Amino acid sequence: MEHQKDYGTPASHSDQQVTLNIDGTDVTVPAGTSIMHAAMVAGVSVPKLCATDSLDPFGSCRLCLVEIEGRRGYPASCTTPVDNGLKVRTQSPKLADIRRGVMELYISDHPLDCLTCAANGDCELQDMAGAVGLREVRYGYEGENHLRAEKDTSNPYFTFDPSKCIVCSRCVRACEETQGTFALTIQGRGFESKVASGVNNFLESECVSCGACVQACPTATLMEKSVIQHGQPEHSVTTTCAYCGVGCSFNAEMKGEELIRMVPNKDGGANHGHSCVKGRFAWGYATHKDRITKPMIRKSITDPWTEVSWDEAISYAASEIQRIQGKYGKESVGAITSSRCTNEEVYVVQKLVRAVFGSNNVDTCARVCHSPTGYGLKQTLGESAGTQTFDSVMKSDVIMVIGANPTDGHPVFGSQMKRRLREGAKLIVADPRAIDLVSSPHVKADYHLKLRPGTNVALISAMAHVVVTEGLVDEEFVKARCEWDSFVMWRDFVAKPENSPEALESELGIKAADLRAAARLFATGGNAAIYYGLGVTEHSQGSTMVMGIANLAMATGNIGREGVGVNPLRGQNNVQGSCDMGSMPHEFTGYRHVSDDATRALFESAWGRPLSADPGLRIPNMLDQAIEGSFKALYCNGEDIAQSDPDTQHVTHALESMECVIVQDLFLNETAMYAHVFLPGASFLEKTGTFTNAERRISPVRRVMTPKNGYEDWEITAKLSTALGYPMHYKHASDILDEIAALTPTFAGVSFKKLDELGSVQWPCTDEFPNGTPTMHIDEFVRGKGKFFITQYVPTTEKVNAKYPLILTTGRILSQYNVGAQTRRTDNVAWHPEDMVEIHPHDAEDRGISEGDWVGIASRAGETVLRAKITERVQPGVIYTTFHHPESGANVITTDNSDWATNCPEFKVTAVQVTRVSQLSDWQRSYRQFSEEQIAFAQNTAKEARIE
Ligand code: SF4
Ligand code: SF4
Ligand code: SF4
Ligand code: FES
């Protein structure tokens with residue numbers, strides 16, 4: 001199997017070109033390129049061991065020496081830059097001698113078990129021995145050596161076998177330069193030098209299992225356990241990670257239909273060859289034994305499941321939808337799409353709802369995460385999307401992170417951001433909790449604005465107050481690019497004394513002087529970029545805050561070029577795409593309102609059905625109307641609302657109230673407990689389509705194995721549509737993408753062919769911008785002039801009082817993903833077997849709580865029990881938990897408060913009391929019983945449907 005070409009050292013991006021001659025061939029490369037890299041460009045491969053093109057050159061192995069006419073000695077080609085007119089020889093008898101000598105030393109301390117080594121055929125040491133013509137090793141094994149060094153197998157995914165280490169330091173440098181974790185060091189000197197992870201083993205170390213060191217290791221020292229177990233892969237398929245909104249590109253390396261390993265793609269536009277533990281290693285869920293692969297139906301949710309054929313399941317689902325619409329009207333049915341599904345899948349679901357169900361009752365899980373982003377950015381800038389590429393951060397001078405935790409939530413981008421911070425960019429973190437970025441090796445926030453949860457809008461207004469009242473507005477930009485009247489109104493509003501940092505100091509819990517200094521830095525520190533996450537959107541004023549962020553960026557002229565911008569860090573892999581694809585109840589694809597006659601006419605003509613001009617129901621409306629009795633059937637496609645949506649009791653009550661719930665998913669998830677039809681879905685490894693990441697990058701998802709359930713998800717939706725009398729005639733996901741492109745101006749130039757050519761493309765992709773649009777709003781905003789909006793701070797109604805004196809806020813951890821349905825079914829549980837609640841030592845002491853105690857958390861909505869983790873990461877008065885395990889019931893305690901504009905739930909602020917308890921809550925005990933019963937049903941009735 002061919003690997004991606006390794007140029008030995010990174011490419012130089014200099015504009016200046018240099019021409020030299022290598023082994024008789026002239027080659028022209030950018031200034032700053034190494035001779036080794038230039039040689040590869042000229043088609044000449046120089047032997048190397050310590051160099052690889054993802055890392056800065058190091059010059060330790062001395063294998064890459066060359067001769068340069070007119071220069072003395074034998075310089076290392078990896079550390080010597082090109083120069084005009086150089087004449088380089090990479091091969092000569094003398095060079096061959098030196099290289100053989102170097103290799104002889106390496107091999108004399110290396111176990112010669114190549115035939116049984118897992119890296120056999122994929123080992124650079126082996127390759128180099130061949131390349132330099134090594135035929136004998138004069139030094140025996142009698143002397144001191146490392147051959148009996150003990151193996152470290154503690155990491156669930158890779159082993160470390162020091163007996164094979166050549167101490168090239170590539171792993172150490174990968175951990176520092178690429179990942180930014182600094183978990184590894186070279187200990188000792190000379191013969192004693194060895195790679196060490198600082199503590200006993202990898203698992204207990206700071207290592208976050210990103211795999212960069214494994215990728216960089218030229219020998220079998222760091223090696224994937226899957227390769228050790230199954231042998232070397234035989235072919236590879238390039239596809240896109242299905243976890244977070246970074247959208248990393250991977251080469252799925254296969255043996256037949258078996259996935260052996262996922263190797264990050266060096267040409268990936270979002271990840272440039274890097275990965276995190278989830279995409280790199282946590283793909284085993286796709287073949288987990290819990291997966292359901294045969295359809296199942298049941299009349300009532302108290303009945304056991306019956307396994308049926310696809311035809312029977314689809315025709316039962318269709319007949320139920322028809323029965324219910326016949327009895328209760330067409331508005332009684334709706335669907336929810338998922339941001340884990342491809343663009344094509346989401347598109348066909350919303351088409352089914354609009355063209356076949358005859359309503360606009362379709363919503364998406366973005367409702368509960370980034371709907372305020374869509375709304376806020378559309379209002380201010382004219383487009384519901386982030387403005388930059390990830391690479392843009394490398395040109396930022398000031399980075400402000402608000403309510404996001406990139407190193408856990410968006411790890412590959414987090415690593416890139418850390419790289420820029422190590423280069424000297426300034427950092428402002430606005431977060432109630434000390435996220436890793438606040439202080440990690442070689443990265444320290446210049447300002448950590450530890451605001452009280454729920455006060456975001458006060459924070460952004462106070463920052464704007466400083467900008468406006470201290471003369472820091474970029475008036476030239478505002479005059480040229482924005483609606484001046486809206487600016488004046490906003491300026492006068494934020495300038496009011498009540499918006500000053502001093503007036504808001506106690507509300508925010510931030511010293512006014514710190515806030516002023518941070519605002520000055522943002523406005524005057526050069527290119528300033530804002531990155532934000534769910535800590536901004538999941539509030540009752542989520543949309544207001546998004547508009548406040550856009551206001552600040554416009555007022556300081558930080559928009560419309562590289563290094564600046566407003567960057568929502570999207571949670572799930574396809575949040576951007578699911579919104580782009582028209583899965584909100586008021587919009588067609590490309591964010592065009594359903595009431596727009598011209599747009600509706602376009603879709604009516606393409607789809608051949610009349611379409612409703614009235615916005616449909618949002619998820620909370622569907623649930624409320626289910627309880628009231630008018631909403632009766634739901635097609636829930638790849639989404640687990642019983643776990644991911646707020647106020648679980650309300651959600652489950654609504655589901656229980658419906659007459660037909662159709663769940664399409666990989667696993668019998670929490671929502672499936674209330675379902676009447678279960679349609680088994682396909683994993684991302686089994687489907688073809690596209691995902692769109694947080695930087696609007698459309699990337700291909702390619703099928704690497706046959707769907708275990710028999711069909712890709714769009715095919716299942718198409719079958720349902722056909723059964724409902726509206727055949728969908730797609731033969732391949734590319735037909736769906738072509739239809740999307742034909743009906744959506746921003747996607748006009750997108751096709752599978754284009755993605756094959758370019759690898760990925762950022763929308764808008766049009767005739768004018770056939771290769772996509774990395775940076776938006778360069779000359780003018782999508783809406784023409786940028787518009788400022790007044791952002792009046794309205795404190796949340798969720799208030800602390802004597803009964804509920806603490807505020808609970810929620811977030812994610814690196815190793816788990818969202819509701820954990822996938823990652824909990826992988827070895828990632830080694831790092832996060834359960835959700836815990838973080839509590840400040842003062843609050844813990846007040847309540848007699850010790851580390852690891854069970855604590856009851858009660859809110860106005862419900863109560864749950866978690867184990868305590870005592871830490872100063874959270875401030876007094878605030879507690880924090882993740883929500884990756886259903887049994888934790890984080891959403892049992894969150895309230896039904898939501899964003900005024902979009903209904904995005906206020907997940908980030910819940911007033912609670914915490915007490916020490918001795919057992920799980922009533923809810924958790926009944927949950928356990930219920931879930932055990934449900935699993936028993938499934939096991940009894942659909943045993944053979946599972947993957948054994
Ligand atoms: S573990 Fe691999 S990459 Fe690290 S020093 Fe040893 S041989 Fe080099
Ligand atoms: S897996 Fe990643 S974090 Fe762990 S040691 Fe290797 S490079 Fe560092
Ligand atoms: S989870 Fe996100 S950062 Fe990690 S590999 Fe997948 S896309 Fe990349
Ligand atoms: S590859 Fe140049 S010194 Fe090792």
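F281 has a relative accessibility of 7%, so this phenylalanine counts as buried, the cut-off being under 20%. Keep in mind as we go that the model is predicted. F158 is likewise assigned to the buried class, with a relative accessibility of 1%.

These two residues also meet each other. Their ring centres are 6.1 Å apart and their planes make an angle of 40°, so F158 and F281 form a tilted pair. F158 belongs to strand β5 (residues 158-160), while F281 sits in helix α7 (residues 277-281), so the contact ties together parts of the chain that are 123 residues apart in sequence. Look a little further around them and you will find an aromatic cluster made up of Y157, F158, F160, F202 and F281.

Two members of that cluster lead us on to ligand 2: F158 and F202 are among the residues around this ligand, as are C175, C207, C210 and C213. Helices α4 (170-179) and α5 (212-216) each contribute at least two residues to the shell. Its make-up is nine nonpolar residues, three polar ones and no charged ones.

Now for the aromatic pairs in general, of which the count is 20. Another one worth a visit is F487 with W490: the ring centres are 6.0 Å apart and the planes are at 40°, so this pair is tilted. Both residues are in helix α15 (residues 484-494), three positions apart, which means that about one helical turn separates them. F487 and W490 are both buried.

Finally, some rings have an arginine for company. R298 lies over the face of W305, 4.0 Å from the ring centre, and R825 lies over the face of F667 at 3.8 Å from the ring centre.

Notes
Residues numbered from 1 in each chain as written. Chains lettered and ligands numbered in written order. Predicted model: local features only at pLDDT ≥ 70, side-chain atom pairs only at ≥ 80, totals over all residues. Heavy atoms only, no water. Near = heavy atom within 4 Å. Helix = DSSP H or I, 4+ residues; strand = E, 2+ residues; numbered from the N terminus. Nonpolar A, V, L, I, M, F, W, Y, C, P; charged D, E, K, R; others polar. Phe/Tyr/Trp six-rings, centres within 6.5 Å; stacked < 30°, edge-to-face > 60°. Buried < 20%, exposed > 50% of the residue type's maximum accessible area, 1.4 Å probe, protein only. Lys NZ or Arg CZ within 6 Å of the ring centre and 35° of its normal.
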